[in-house]
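User: Let us go through this model one question at a time. Please keep the answers plain, and explain the terms as they come up.

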Amino acid sequence: MQTARDERLHALTLAYIDKSQLQKNGWLMAAVAATLGIFSETMDSALYFGLLPLVYLIFDFPFQLEKRRILERYLSKDQIMTQSMLWLGIQIVLYGTLLVVVLETNDLGWWKTALWMALILVPLYFATDWLFKKMARSGDPDFVSDQEVYKHVKYLEE
């Protein structure tokens, strides 16, 4: 007998697999554009580097929409809105912080920029991830994180 959590994990896994195919094609297009020098010739290298996470977010957006549609079967509209807005807020904070760090350390060497990114972004990522999971689990006993979905996809691929 499948639990609601198992059903949700399965549905989210299928949605993630569909998104993964779209994302692979998108990254291929971004790599071709970068190779051709479209972005690198017209933009500052720091701004170009800052666009890479934005490309990821754009290709993750269809999965987030599908995830929201799937969660409508299990959660109230308020819970879905809270989780969606919290996810969006965290993405804005992380992406904004990345851009600020990249632009402020642009004149430093690559290793110093990478060090500042690690010192600032890694703890911020783990703190926001912990906050998201804590808030999402508080109103949802069958909560399934994106990391669990990703692990389940990898498990199915093996």
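User: In which helix do lysine 133 and aspartate 129 both lie?

Analyst: This is a predicted model, in which local features need pLDDT of at least 70, side-chain atom pairs count only at pLDDT 80 or more, and totals for chains, interfaces and linings use all residues. Residues are numbered from 1 along each chain as its sequence is written, and side-chain values use heavy atoms, with hydrogens and water left out. Lysine 133 and aspartate 129 are four residues apart, about one turn of their helix (a DSSP run of H or I, at least four residues, numbered from the N terminus). Both residues lie in helix 5.

User: How far apart are the closest N and O atoms of lysine 133 and aspartate 129?

Analyst: An α-helix has 3.6 residues a turn, so residues three or four places apart point the same way. Lysine 133 and aspartate 129 are four residues apart in helix 5. They form a salt bridge (a side-chain nitrogen of Lys or Arg within 4 Å of a carboxyl oxygen of Asp or Glu). Their closest N and O atoms are separated by 3.3 Å.

User: Is aspartate 129 buried or exposed?

Analyst: Buried means under 20% relative accessible area, exposed means over 50%, and partly exposed is in between (1.4 Å probe, protein chains only). Aspartate 129 has a relative accessible area of 17%. With that value, aspartate 129 is buried.

User: How many salt bridges does the structure hold?

Analyst: One of them joins lysine 133 to aspartate 129. Another joins arginine 69 to glutamate 66, with the closest N and O atoms 2.3 Å apart. For the structure, the number of salt bridges is two.

User: Which helix holds both arginine 69 and glutamate 66?

Analyst: Arginine 69 and glutamate 66 are three residues apart, which is about one turn of the helix. The helix that holds both of them is helix 3.

User: What is the relative accessible area of glutamate 66?

Analyst: Its salt-bridge partner, arginine 69, has a relative accessibility of 43%, so arginine 69 counts as partly exposed. Glutamate 66 is partly exposed too. The relative accessible area of glutamate 66 is 25%.

User: How far apart are the end C-alpha atoms of helix 6?

Analyst: The expected span of a helix is 1.5 Å times one less than its number of residues. Helix 6 has twelve residues, so it should span 16 Å. The distance in the model agrees with this: the end C-alpha atoms are apart by 17 Å.

User: Within what arc do the buried residues of helix 6 fall?

Analyst: In helix 6, Val149, His152 and Val153 are buried. Seen down the helix axis, the buried residues line one face of helix 6, because the arc (that of the directions from the helix axis to the C-beta atoms) is limited. The buried residues fall within 105 degrees.

User: Which residues are exposed on the other side of helix 6?

Analyst: Lysine 151 lies in helix 6. At 61% relative accessibility, lysine 151 counts as exposed. On the other side of helix 6, the exposed residues are Lys151 and Tyr155.

User: What distance separates the C-alpha atoms of lysine 151 and threonine 13?

Analyst: Along the chain, lysine 151 and threonine 13 are 138 residues apart. In space, their C-alpha atoms are separated by 9.3 Å.

Key. Helix = DSSP H or I, 4+ residues; strand = E, 2+ residues; numbered from the N terminus.
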